[in-house]
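Me: Please take a close look at the salt bridges of this model. I should like to know where the paired residues lie and whether they are buried or exposed.

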Amino acid sequence: MTRLYFYLDEPGWEIWQPAFEAAIPGVDFRNYPDWGSPDEGPAYLFAWEPELGLVAKYPNIKAIFSLGAGVDHLTRDPSLPKDIPIIRMSDDGLKEGMAEFVLMTVLMHQRYMPRMLAAQCKREWRRLFPPLASDVRIGILGYGALGKYCAQALKPLGYQIAAWSRSGKAAEEGIEHFSGKDQFESFLKRTDILVGLLPSTPETTNLLNRETMALMPRYASIINAGRGSLINLEDLVDLLDSGHLSAATLDVFVEEPLTEDSPLWAHDKIIVTPHIASITRPKTAAEYVANNIKKIEAGMQPENVLDRQRGY
Ligand code: NAP
Ligand code: GLV
């Protein structure tokens with residue numbers, strides 16, 4: 001019998017129980033706070049943003065499954081035990097959802113939709129003539145599970161695609177690869193629409209600031225669906241106001257929810273979405289967890305374990 005503790009910091013846990021019952025026959029699914037006593041025996045945890053200090057109170061937790069690909073919602077807890085493996089979500093639903101969001105927003109930026117919407121708000125008939133996809137250079141920041149999937153989804157539209165990652169990647173048709181700090185500048189200089197799909201780590205924090213964003217071509221634009229810590233927002237707004245950058249779509253923020261008084265809501269070159277670029281779907285996520293529990297129980301290495309040194 002598999003015992004699974006569940007923690008979600010928002011309503012909606014009811015849809016998860018049947019998904020786990022279908023994926024793990026006989027599962028003992030326990031939604032927080034009804035976890036019972038840690039003395040009852042080993043358990044797995046599936047969680048999004050658990051209360052600080054909670055995990056440390058349950059030494060019976062064998063492995064933590066992050067409800068998302070990111071783990072900052074777990075590692076923000078200084079008391080989180082260092083020896084429990086953390087498995088990052090990377091199910092098909094998450095990848096497909098992100099590809100849909102990236103396709104939608106890249107097309108919107110390419111076709112000048114932020115400018116058209118701003119004109120509509122002012123009742124202005126403003127005819128703009130966007131370039132064709134084949135003349136637009138997309139730069140994907142982060143070429144992991146999501147970056148790769150999104151690149152494949154963008155390819156058939158004919159964009160000129162490049163990706164930047166930490167480690168070098170083997171040559172690939174239709175994708176130009178850049179890696180490491182040395183190649184960051186060349187990557188930015190050739191990017192018209194930048195798509196942020198990086199995890200939040202000390203190295204990726206503030207990576208997009210006044211100096212780096214100024215390297216992008218005039219009228220370039222930014223889509224951030226990774227983590228908010230990537231961008232210095234004050235610098236971004238200055239570069240949008242000066243006309244150097246043309247638009248930004250922001251899905252993620254350091255402080256979420258974005259406060260009502262944030263000037264970002266009303267900025268006519270910014271589209272705000274409330275961290276919905278890709279949602280973890282119960283069916284595919286429960287199957288992903290079930291497969292990894294099987295691996296752990298068989299003494300094998302589960303997929304996508306957080307490397308605490310790298311931070312992702
Ligand atoms: P992943 O498979 O671990 O890929 C991460 C990518 O980032 C890798 O290509 C990695 O390079 C690169 N990277 C990390 N640190 C770097 C650095 N310092 N310099 C250059 N490249 C760096 O992660 P994923 O599954 O694609 O997810 C990416 C992130 O998306 C998650 O961490 C999460 O924060 C975010 N996310 C957001 C949403 C949303 O709804 N907004 C949904 C899901 C995920 P290497 O390939 O060299 O290792
Ligand atoms: C969502 O933000 C995730 O990390 O999956």
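Reply: Glu 185 has a relative accessibility of 39% and therefore counts as partly exposed in this predicted model. Its salt-bridge partner is Lys 189, with the closest N and O atoms 2.9 Å apart. Lys 189 is likewise partly exposed, at 45% relative accessibility. Both residues belong to helix α6 (residues 184–189), and because they are 4 residues apart there, about one helical turn separates them. An α-helix has 3.6 residues a turn, so residues three or four places apart point the same way.

The pair in α6 belongs to a set of 12 salt bridges in the structure. Another of these joins Arg 3 to Asp 28, where the closest N and O atoms are 3.5 Å apart. Arg 3 is part of strand β1 (residues 3–8) and Asp 28 is part of strand β2 (residues 28–31), so this salt bridge ties together parts that are 25 residues apart in sequence. Arg 3 and Asp 28 are both buried. They also take part in a network of salt bridges, in which Arg 3, Asp 28, Arg 30 and Glu 40 are linked.

A further salt bridge is formed by Asp 72 and Arg 227, whose closest N and O atoms are 2.8 Å apart. This pair connects distant parts of the chain, 155 residues apart: Asp 72 is in helix α2 (residues 72–75), whereas Arg 227 is in the loop between β10 (220–224) and α8 (233–241). The two partners can also be described by their accessibility. Asp 72 has a relative accessible area of 28% and is partly exposed. Arg 227, at 13% relative accessibility, counts as buried, because the limit for a buried residue is under 20% relative accessible area.

Helix α9 may be considered alongside these pairs. Its 16 residues (282–297) should span 22 Å at 1.5 Å a residue, and the end C-alpha atoms are 22 Å apart, so the two values agree. Buried residues of α9 include Pro 282, Ala 285, Ala 286, Tyr 288 and Val 289; Ala 290, Asn 292 and Ile 293 are also among them. The buried residues of this helix pack against α1 (16–23), β3 (43–48), β4 (61–66) and β5 (86–87). Just after α9, Gly 299 adopts a positive phi of about 80°.

Technical notes:
Residues numbered from 1 in each chain as written. Chains lettered and ligands numbered in written order. Predicted model: local features only at pLDDT ≥ 70, side-chain atom pairs only at ≥ 80, totals over all residues. Heavy atoms only, no water. Salt bridge = Lys/Arg side-chain N within 4 Å of Asp/Glu carboxyl O. Helix = DSSP H or I, 4+ residues; strand = E, 2+ residues; numbered from the N terminus. Buried < 20%, exposed > 50% of the residue type's maximum accessible area, 1.4 Å probe, protein only. Expected span 1.5 Å × (residues − 1). Contact = heavy atoms within 4.5 Å.
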